[in-house]
Amino acid sequence: MDDNTLYGEILEEAYATGIGRTPVLPVSYPNGEIFAKMEWFNQFRSVKDRAAFFMLKSAEKTGVLTKDKRIIEASSGNTGIAIANIARLLGYHAELYVPASSSPETIARLKETGNAIIEVEDENSRRGKINIDASIRRLKERISEDPARFVNFDQYSNRANTLGHFYSTGPEITSVLDKITHVVVGIGTGGTVTGLAKYFKTFYPWVKIVAAEPSADHHIQGLKNLSVSAVPDLIRENRSLIDSWITVDDSDAREGVKELMELKSVIVGFSSGANFMACRKLMAEEPGSRILTIFPDSAEKYRSVYTSTGVIREEVFDTLSANINTVPDDAILCDFSDP
Ligand code: PMP
């Protein structure tokens with residue numbers, strides 16, 4: 001089966017499962033506009049639903065994944081949540097290796113799915129830093145015990161992670177927005193940035209692709225600094241599609257979360273705050289830009305982190321989170337039947 005047929009089928013199944021077609025939040029400034037895909041409107045509440053669904057379904061359709069196998073993956077949160085839920089939905093078992101420093105809400109959500117969740121401690125997690133490398137080492141040890149039993153999607157090198165965005169996120173964006181000048185996206189596995197880069201370079205090559213990289217000492221769940229963490233194969237292989245890089249740190253992420261709360265009454269995850277501030281920095285350098293970004297998840301898994309570090313007061317958090325599933329009035333909808 002060629003890619004267009006295989007991924008076209010998966011795309012239809014993703015939409016039927018409630019994955020994709022997320023709304024876009026517009027944020028206007030005198031010197032430009034930002035448009036953000038609100039990815040917590042996916043079925044299992046983050047951008048990683050797309051990658052997980054496309055990886056699992058392509059493994060199933062190509063005969064790699066069968067019901068007698070066990071899915072095994074390392075994730076700092078959202079991929080794990082997506083895989084665990086989609087596996088359960090489709091009748092598979094999953095075993096997930098997670099840094100012990102991931103938020104307590106993330107770990108609770110993983111455990112709720114009834115799959116095997118292994119929290120991995122290392123030097124980083126003891127210092128409150130989230131680094132996936134120790135979890136990946138544990139996963140490899142486990143696979144080596146019985147290689148035939150496990151299917152590891154390896155989201156860092158799996159082209160379905162990139163192609164999920166090429167076939168879903170990209171077309172959804174251009175079906176509702178025109179004259180985009182830049183796409184600005186933070187890097188975790190690199191699936192989102194490489195998928196959107198491939199899409200825009202193919203169909204809208206004048207759009208600049210900007211990667212937002214967190215500083216080496218960051219605590220932004222879901223993002224990776226490439227000098228202290230292993231460089232994902234997806235990035236290594238597609239680096240030439242990225243036109244420029246912007247660095248973001250914890251204080252940018254916090255500021256972004258606060259600004260969005262004040263301006264738009266939405267409470268987003270740290271990486272969304274980081275992406276948003278990367279857009280603001282770019283806009284300051286290039287006035288008049290129309291920038292597309294991604295808000296990978298909402299604040300719902302970060303209540304304890306946000307309230308204990310003073311990002312958001314508890315009362316404010318609880319008031320705003322009551323509306324977390326309401327699409328903002330000014331959002332641009334993508335929930336039409338044929339994008
Ligand atoms: N933000 C969050 C909250 C995430 O969970 C992830 C996934 N690791 C990302 C950003 C980065 O996305 P990607 O893996 O597609 O680079």
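**Exercise 1.** In this predicted model, decide whether C334 is buried or exposed, and then establish how the cysteines stand with respect to disulfides.

*Solution.* The starting point is the relative accessibility of C334, which is 1%, so that this residue counts as buried, given that the cut-off for buried is under 20%. Turning next to C279, one finds a relative accessibility of 0%, and C279 therefore counts as buried as well. The following step is to look for sulfur pairs, and a search of the whole structure returns zero disulfides. For C279, the nearest cysteine sulfur belongs to C334 and is 17 Å away, whereas a disulfide would need the two sulfur atoms within 2.5 Å. Seen from the other side, C334 is likewise in no disulfide, its nearest cysteine sulfur being that of C279.

**Exercise 2.** Describe the surroundings of the ligand, beginning with the question of which residues come nearest.

*Solution.* Around the ligand there are 16 residues, of which K48, G188, T189, T192 and S271 come nearest. Sorting the shell by character gives four nonpolar, 10 polar and two charged residues. The next step is to examine individual side chains: an N or O atom in the side chain of K48 lies 2.8 Å from an oxygen atom of the ligand, and for the side chain of T189 the corresponding distance to a ligand oxygen is 2.6 Å. A nitrogen atom of the ligand, in turn, is 2.6 Å from a polar side-chain atom of S271. As for cover, the ligand taken alone exposes 390 Å², and the protein buries 95% of that area. Finally, the space that the ligand takes is the largest pocket.

Conventions: Residues numbered from 1 in each chain as written. Predicted model: local features only at pLDDT ≥ 70, side-chain atom pairs only at ≥ 80, totals over all residues. Heavy atoms only, no water. Near = heavy atom within 4 Å. Polar contact = N/O pair within 3.5 Å; in protein donor to acceptor, adjacent residues only side chain to side chain. Areas by Shrake-Rupley, 256 points an atom, 1.4 Å probe, with all protein chains shown as cover. 1 Å grid on protein atoms, 1.4 Å probe; cavity = no way out; pocket = protein on both sides within 12 Å on 5 of 7 lines; lining within 4 Å. Sits in = over half its atoms within 2 Å of the grid points. Nonpolar A, V, L, I, M, F, W, Y, C, P; charged D, E, K, R; others polar. Buried < 20%, exposed > 50% of the residue type's maximum accessible area, 1.4 Å probe, protein only.
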